[in-house]
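This briefing sets out selected local features of one protein structure for use at the bench. Please read it alongside the sequence and the structure shown here.

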Amino acid sequence: MRTDFDFNYDDQVNFNNFYYFHKAFSLEEIQKIHEVASAYEFITAVTDSINEGNEDLELVRKSRIKWLKQSDPRTHWIYDKIGEMAQKANRELWKFDLTNMRESLQYTVYHKDSGHYDWHMDIAGGGIMTQRKISVTIELTDHDKDYEGGVVQVNLGHSIKELPQSQGTAVLFPSFFVHRVTPVTKGKRTSLVLWIGGHHYK
């Protein structure tokens with residue numbers, strides 16, 4: 001048996017799994033997030049392929065977003081809370097070498113006119129996006145009352161799974177997961193997204 005390629009292996013690491021915190025954010029905290037977001041302007045969400053002019057935007061992604069900056073003191077508690085959750089999930093599941101949280105929070109709204117985001121990975125394009133390791137999505141609306149459709153799904157190759165979407169729940173998964181948001185057919189879905197990154201995978 002060759003031993004020069006006998007690399008260390010941790011059988012407790014599961015890259016095919018996600019982690020979630022039920023009711024990670026209270027209704028009062030969600031209201032505070034909405035209040036912070038109200039000070040920012042909406043922009044149309046795009047993708048890297050759209051930037052290159054390769055696809056029709058609305059076939060891939062249809063949503064409106066706001067970037068809630070880290071430099072805004074009103075957002076600090078949100079970043080801190082997400083960072084603590086990411087560290088816990090990472091210790092228990094993936095054990096990534098995390099080094100940064102450089103991107104801004106993405107406040108995203110999907111409207112009833114088929115707002116959606118087709119299958120994609122969060123590792124894309126160039127620059128800091130290639131360093132994403134953990135994706136975090138927080139449900140700010142009530143799936144049972146506020147909208148229909150808008151289901152967050154991950155494609156694990158052998159199966160497609162729906163992620164938990166109760167209001168206030170935070171779901172974390174490796175940024176190389178292929179995932180999507182199905183079209184919203186009624187109401188409005190609002191979420192908060194952030195990415196935790198690092199150097200090359202190790």
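**Briefing on selected residues and strands**

T108 is located in strand β5. The model is predicted, and the points below cover the surroundings of T108, a loop residue in contact with a distant part of the chain, two lysines with positive phi, and an open sheet.

**T108 in strand β5**

- T108 counts as buried because its relative accessibility is 1%, and buried means under 20%.
- The side chains of T108 and Q106 make a polar contact at 2.9 Å.
- When neighbours within four places in sequence are left aside, the residues in contact with T108 are S63, R64, I65, R189, T190 and S191.

**E41 and its contacts**

- E41 is found in the loop that runs between α1 (27–37) and β2 (43–44).
- With a relative accessibility of 69%, E41 counts as exposed, since the term applies over 50%.
- Apart from neighbours within four places in sequence, E41 is in contact with I65 and K66.
- K66 is 25 residues away from E41 along the chain, and the C-alpha atoms of the two are separated by 6.2 Å.
- I65 appears in the contacts of E41 and also in those of T108.

**Lysines with positive phi**

- Most residues other than glycine have a negative phi.
- K23 has a positive phi, near 50 degrees.
- K23 belongs to the loop between β1 (19–21) and α1, and its relative accessibility of 59% is the reason that K23 counts as exposed.
- K95 also has a positive phi, in this case near 55 degrees.
- The loop between α4 (76–94) and β5 (105–111) holds K95.
- K95 is partly exposed because its relative accessible area is 38%, a value that falls between the limits of 20% and 50%.

**The five-stranded open sheet**

- Five strands form an open sheet in the order β3-β6-β12-β9-β10, and their pairing is antiparallel.
- At the edges are β3 (61–62) and β10 (160–162), each of which pairs on one side only.
- Strands of a sheet pair through backbone hydrogen bonds.
- Within this sheet, β9 (residues 152–155) and β12 (residues 178–181) are paired in the antiparallel sense over four bridges.
- V154 stands opposite H179, which is in β12.

Technical notes:
Residues numbered from 1 in each chain as written. Predicted model: local features only at pLDDT ≥ 70, side-chain atom pairs only at ≥ 80, totals over all residues. Heavy atoms only, no water. Buried < 20%, exposed > 50% of the residue type's maximum accessible area, 1.4 Å probe, protein only. Contact = heavy atoms within 4.5 Å. Pairing = 2+ DSSP bridges. Polar contact = N/O pair within 3.5 Å; in protein donor to acceptor, adjacent residues only side chain to side chain.
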